[in-house]
Amino acid sequence: MAEIISGKAVSAAKREEIKNRVAELNSKGKQVGLAVIIVGNNSASRVYVNNKKKACEEVGINSYEYALPEETTQEELLELIKDLNTNDEVNGILCQLPLPSHIDEQAVINAIDHKKDVDAFHPFNVGHIMIGDYTFLPCTPAGIMEMLKYYNISVSGKKCVVIGRSNIVGKPMAMLLLKENGTVEICHSRTENLKEETLTADILVAAVGKADFVTADMVKDGAVVIDVGMNRNKEGKLCGDVCYEEVEKKASFITPVPGGVGPMTITMLLENTVRAVEI
Ligand code: NAP
């Protein structure tokens with residue numbers, strides 16, 4: 001039976017540390033502020049934004065919400081970002097994705113001052129991740145690295161297989177594992193014989209977005225399995241990409257869903273926001 005990597009536990013410890021850092025900044029007369037922009041009525045986005053605001057409150061970060069209607073134009077959104085870029089009360093800017101289809105997401109990401117880009121999606125920060133010299137790390141992969149560290153799971157020399165090559169999870173995840181000296185492979189929908197690849201993994205990260213995608217026969221005995229997926233199963237229950245019940249019998253460590261990677265993602269957003277003030 002695998003040891004459970006509890007995102008809740010790691011997150012609680014990290015949030016306590018962040019809270020102390022915010023208090024330290026406050027004692028020097030510095031406030032920490034995060035602007036959260038949400039456009040339209042996507043119900044999942046509303047839940048994420050509410051959770052982010054609640055987490056900010058918990059650690060003493062001021063959050064400023066900008067809830068814009070679905071019909072907001074790209075120009076209006078870019079104008080708001082321009083204002084927030086020069087607003088001294090705002091240290092971090094987060095624009096909740098996805099945006100309505102008439103808005104070019106990359107144009108919006110590019111408009112955010114890279115020093116306030118707490119999602120680390122701006123090409124400036126993406127470039128720094130490639131170089132391995134960074135201020136902000138994308139929240140989900142950074143949260144995973146924190147969890148590995150917390151559980152003393154060494155990456156150096158290990159074979160790491162990441163399933164998924166998105167800009168927000170798969171690619172930066174591979175870069176962070178590489179920085180820690182893992183031997184990294186990225187798999188995707190065109191990978192041939194996926195199972196052959198995943199069976200070589202000492203550390204397997206699943207970021208696919210398909211329930212029950214990773215089955216026990218795809219996992220090496222004793223592997224560390226990180227489940228990034230956030231899906232709904234047939235009963236409408238939140239679940240990951242990994243068949244938890246069967247894989248936990250083979251893995252040495254595993255993250256559950258919920259309670260694994262999810263809580264860490266928001267925690268790393270708080271980390272980036274505090275860092276924006278500290279640097
Ligand atoms: P995405 O942009 O849809 O990327 C999914 C990746 O999976 C793609 O690279 C795709 O390959 C690959 N893929 C799809 N089918 C595959 C197959 N049959 N075999 C191998 N690879 C396959 O998704 P994402 O944004 O990275 O998110 C992935 C999952 O993580 C989603 O469930 C999302 O909700 C979740 N997520 C969770 C958190 C969290 O905080 N827990 C944060 C972010 C995302 P191609 O590139 O070839 O299409």
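Two strands are said to pair if DSSP finds at least two bridges between them. On that basis, strand 2 and strand 3 (residues 62-68) are paired in the parallel sense, with seven bridges between them. The model is predicted, and this briefing covers its ligand site, the surroundings of strand 2 and an open sheet of six strands.

**Ligand site**

- The shell around the ligand holds 21 residues, of which Arg 165, Ser 166, Ser 189, Met 230 and Thr 265 come nearest.
- By residue class, the shell comprises nine nonpolar, ten polar and two charged residues.
- Helix 10 (residues 261-278) supplies the largest share of this shell, namely three residues.
- In the side chain of Ser 166, an N or O atom is 2.5 Å from an oxygen atom of the ligand.
- For Arg 165, the distance from a polar side-chain atom to an oxygen atom of the ligand is 2.8 Å.
- Asn 231 also places a polar side-chain atom 3.4 Å from an oxygen atom of the ligand.
- The ligand taken alone exposes 930 Å², and the protein buries 71% of that area.

**Strand 2 and its neighbours**

- Strand 2 (residues 33-39) is mostly covered, with seven of its seven residues buried.
- The cover extends to both faces of strand 2: one side carries the buried residues Gly 33, Ala 35, Ile 37 and Val 39, while Leu 34, Val 36 and Ile 38 are buried on the other.
- Within the pairing of strand 2 with strand 3, Ala 35 has Tyr 64 as its bridge partner.
- The connection from strand 2 to strand 3 passes through helix 2 (residues 43-59), forming a right-handed β-α-β crossover.
- Strand 2 also runs parallel to strand 4 (residues 92-95), to which four bridges join it.
- In that pairing, Leu 94 of strand 4 stands opposite Val 36.

**Open sheet of six strands**

- The strand order of this open sheet is 1-11-8-7-5-6, and the pairing is parallel.
- Its edges are formed by strand 1 (3-4) and strand 6 (183-187), each of which pairs on one side only.
- Two bridges connect strand 1 with strand 11 (residues 253-254), and the two strands pair in the parallel sense.
- At this pairing, Phe 253 in strand 11 stands opposite Glu 3.
- In general, the strands of a sheet pair through backbone hydrogen bonds, in either a parallel or an antiparallel arrangement.

Methods:
Residues numbered from 1 in each chain as written. Predicted model: local features only at pLDDT ≥ 70, side-chain atom pairs only at ≥ 80, totals over all residues. Heavy atoms only, no water. Near = heavy atom within 4 Å. Polar contact = N/O pair within 3.5 Å; in protein donor to acceptor, adjacent residues only side chain to side chain. Areas by Shrake-Rupley, 256 points an atom, 1.4 Å probe, with all protein chains shown as cover. Nonpolar A, V, L, I, M, F, W, Y, C, P; charged D, E, K, R; others polar. Buried < 20%, exposed > 50% of the residue type's maximum accessible area, 1.4 Å probe, protein only. Right-handed = clockwise from strand over helix to strand, strands pointing away.
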